[in-house]
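Q: I should like a close look at the pockets of this protein and at the place of the ligand. Please treat the matter as one connected account.

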Amino acid sequence: MSAVTVRVPAKVNLQLGVGPIRDDGYHDLVNVFHAVSLFDEVTAEPAERLAVEVRAAPHARVAIGGVPTGEDNLAARAARLVAARLGVETAVRLSIRKAIPVAGGMAGGSADAAAALVACARLWDDREEPVLTRDDLMELGGDLGSDVPFAVLGGTAVGVGRGERLTPALARGTFHWVFATADGGLSTPAVYGECDRLRLEAGEAAAWPAVSEALMTALATGDAKALGAALSNDLEPAALSLRPSLRRTLDTGREFGAIGALVSGSGPTCAFLAETDEDAAGLADALHSAGVAEQIVRAHGPVPGATLV
Ligand code: C5P
């Protein structure tokens with residue numbers, strides 16, 4: 001094998017229910033993941049030693065300044081895990097082309113790790129029945145980060161535990177999204193920390209989260225309006241507390257006809273649902289003209305997880 005390229009989607013959380021903090025510092029979640037058509041690409045090719053190179057994808061205005069290129073890049077760690085499991089040297093160069101916002105709440109780093117898992121497994125083992133199955137790669141992904149298994153799986157799925165234990169969800173049809181990215185990212189641990197702080201301040205005990213039945217029905221029937229009404233994110237108050245300007249972005253999207261609006265994951269990207277592709281185009285134009293975001297990106301979901309190209 002000379003080079004393997006894998007395309008991997010971003011995610012938006014349709015429901016992010018955050019439960020109490022656990023002894024290991026993580027929170028128990030109910031996390032309804034939805035993969036959308038905004039893709040990073042990772043190419044793995046043989047090299048003398050492990051190397052990572054990160055660039056913005058052509059035509060994508062992604063600020064890649066904050067992405068580590070050394071040993072702590074999550075994709076590099078993914079390559080090392082696969083090499084260890086297959087008993088080979090980590091002799092690979094990973095070229096990452098980013099279109100997913102960095103530290104944007106769309107799991108871009110996790111996506112790159114998922115792509116690296118799939119690409120390296122293929123590069124080092126191209127038998128028809130490879131040693132590492134897709135399930136094995138998802139399990140390895142769980143050790144790298146809570147969102148990595150979903151980036152391998154794709155589609156729409158419910159995650160519990162840290163979010164890494166997944167069950168695919170029934171979803172009919174295609175949903176049309178508009179994403180408003182922000183200038184500068186938010187740190188995921190900082191947003192979870194702010195969520196805990198706000199709850200403590202309000203004297204609120206974190207309830208054990210449950211999957212929204214209304215959301216699941218909306219997905220299964222392909223009812224965009226009902227889905228828009230059922231979207232929820234327990235991290236949103238924390239993201240708004242750390243980045244108050246997002247409130248105006250969300251309000252603007254609603255004013256311009258979004259049928260659902262929420263902060264994506266830990267933010268600061270805001271996600272807007274539209275009823276049709278045409279509505280999404282109109283909403284994207286309106287948000288662009290209002291100047292409430294760094295960049296406006298349209299996408300649809302669900303789409304498959306990490307896929308060889
Ligand atoms: O798993 P991952 O490395 O992506 O998580 C990043 C951070 O997000 C964790 O260090 C933790 O602060 C927070 N987190 C959490 N509970 C989860 C998932 C993530 O508190 N279920």
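How many nonpolar, polar and charged residues, by class, does the lining of the second largest pocket have? Please set the answer beside a description of the largest pocket and of the ligand.

A: The model is a predicted one. By class, the lining of the second largest pocket has twelve nonpolar, six polar and three charged residues. These belong to a lining of 21 residues, and those nearest the centre of this pocket are Arg61, Val62, Ala63, Pro101 and Gln295. The volume of the second largest pocket is about 350 Å³.

The largest pocket encloses about 1100 Å³ of space. It is lined by 44 residues, of which Leu74, Ser110, Asp147, Thr188 and Pro189 are the closest to its centre. Several elements each give two or more residues to this lining: strand 1 (4-21), strand 2 (27-46), helix 2 (108-124), helix 3 (134-144) and helix 5 (188-201). Helix 5 supplies the largest share, with five residues. Divided by class, the lining of the largest pocket has 17 nonpolar, 19 polar and eight charged residues.

The ligand sits in the largest pocket. Strand 2 and helix 5 are the elements that give two or more residues to the shell around it. Helix 5 again deserves attention, for the largest share of the shell, three residues, comes from this helix. The residues surrounding the ligand are Gly25, Tyr26, His27, Leu29, Gly145, Ser146, Arg162, Thr188, Pro189 and Tyr192. Two of them, Thr188 and Pro189, are also named among the residues closest to the centre of the largest pocket. In terms of class, the shell comprises four nonpolar residues, five polar residues and one charged residue.

Polar contacts may be described next. On the side of the ligand's oxygen atoms, a polar side-chain atom of Ser146 lies at 2.5 Å from an oxygen atom of the ligand. For His27, a polar side-chain atom is found 2.6 Å from an oxygen atom of the ligand. Arg162 takes part through its backbone: a polar backbone atom of this residue is 3.0 Å from a nitrogen atom of the ligand. As to cover, the ligand has 450 Å² of accessible area on its own, and the protein covers 77% of that area.

Some backbone features complete the account. His59 has a phi near 70°, which is a positive value in a residue other than glycine. His59 is placed in the loop between strand 3 (51-56) and helix 1 (74-86). A cis peptide bond joins Gly267 to Pro268, with omega about 5°. Pro268 is placed in the loop between strand 9 (260-263) and strand 10 (270-274). A cis peptide bond also joins Gly301 and Pro302, where omega is about 0°. The loop that holds Pro302 runs between strand 11 (295-301) and strand 12 (307-308).

Key: Residues numbered from 1 in each chain as written. Predicted model: local features only at pLDDT ≥ 70, side-chain atom pairs only at ≥ 80, totals over all residues. Heavy atoms only, no water. 1 Å grid on protein atoms, 1.4 Å probe; cavity = no way out; pocket = protein on both sides within 12 Å on 5 of 7 lines; lining within 4 Å. Points joined across faces, edges and corners; volume = space filled by probe spheres on them. Helix = DSSP H or I, 4+ residues; strand = E, 2+ residues; numbered from the N terminus. Nonpolar A, V, L, I, M, F, W, Y, C, P; charged D, E, K, R; others polar. Near = heavy atom within 4 Å. Polar contact = N/O pair within 3.5 Å; in protein donor to acceptor, adjacent residues only side chain to side chain. Areas by Shrake-Rupley, 256 points an atom, 1.4 Å probe, with all protein chains shown as cover. Sits in = over half its atoms within 2 Å of the grid points.
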